[in-house]
Amino acid sequence: ELLNSAFFNQICIKDSSKFKLPDSMEKDYPGYGYDKENQPLSLMNIQYEYDLLSGNWSSLEFTKVTRNDQADSKETIDKIQKKSLYIRDLGYVTSTYLKAIEDKEAYYVNRLPHTTNIYQMRDGELQLIDWKSLHKNMDKAGQTHKEIEVYMGKEKKLKTRMVMFRVDEKVYQKRIRKAADGGKRKDGYSISKEYKAKAHY
């Protein structure tokens, strides 16, 4: 019903994909410069954006792989249109990109980068979210999802809406194992209780 409504002018889904080129094209389209065996010397990147409402592609570019998704999101800000919804993966998400969408009265849906600082307004001050308390309260209330007005970022804090969904136990345990394995490789740090609480969502 939402897709058939007149609320959004566009629903744009964007992603990139890389493919190998002949080694002779390394000068114009270099790879990542790895010396390991079997690594391609030459790569090209496709940036593709598709409008779900019209069924047409809205952008198709062939670029060097050294121009990453964050660079693409910053360099294509002028193409953002009012009342359009933009759906992209984390590689494109920057504060500049999100602020541009807000300024142009458009919309976005993104997963939250796990390293992003999230704040709530409490007693007239912005305070970091206490994931342990939040998890405890949701457990007590039997909630599986929650919507919260938050501010994200360290310096230029962007006001936004965070929608939380609880993951199942299998996904949670996988996240904890991955974090534990990472700790073994990086000076043996231990997983914090805050991270464990956040990993449920």
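This is a short conversation about aromatic rings in a predicted model.

Colleague: Why is the pair of F7 and F8 called edge-to-face?

Modeller: The structure holds three aromatic pairs, and in the one formed by F7 and F8 the planes stand at 85 degrees with 4.8 Å centre to centre. Ring centres within 6.5 Å make a pair and planes over 60 degrees apart count as edge-to-face, so both conditions are met here.

Colleague: What makes the pair of F7 and Y107 tilted?

Modeller: The ring centres of F7 and Y107 are 5.6 Å apart and the planes lie at 45 degrees; because stacked needs under 30 degrees and edge-to-face needs over 60, the remaining name, tilted, applies. This pair links distant parts of the chain, since F7 is in the segment before strand 1 and Y107 is in strand 5, 100 residues apart.

Colleague: How do you know whether F8 is buried or exposed?

Modeller: The relative accessible area of F8 is 12%, and buried means under 20%, so F8 is buried.

Colleague: Why are F7 and Y107 called partly exposed?

Modeller: F7 has 41% relative accessibility and Y107 has a relative accessible area of 34%; because partly exposed lies in between the cut-offs of 20% and 50%, both residues receive that name. Together with F8, these two residues form one aromatic cluster.

Colleague: Where does the charged end of K157 sit?

Modeller: The charged end of K157 sits over the ring of Y119, 4.8 Å from the ring centre.

Terms used
Residues are numbered from 1 along each chain as its sequence is written. This is a predicted model: local features need pLDDT of at least 70, side-chain atom pairs count only at pLDDT 80 or more; totals for chains, interfaces and linings use all residues. Side-chain values use heavy atoms; hydrogens and water are left out. Rings of Phe, Tyr and Trp (its six-membered ring) pair if their centres lie within 6.5 Å; planes under 30 degrees apart count as stacked, over 60 as edge-to-face and the rest as tilted. Buried means under 20% relative accessible area, exposed over 50%, partly exposed in between (1.4 Å probe, protein chains only). Helices (H or I, at least four residues) and strands (E, at least two) are DSSP runs, numbered from the N terminus. A charge sits over a ring if NZ of Lys or CZ of Arg is within 6 Å of the ring centre and within 35 degrees of the ring normal.
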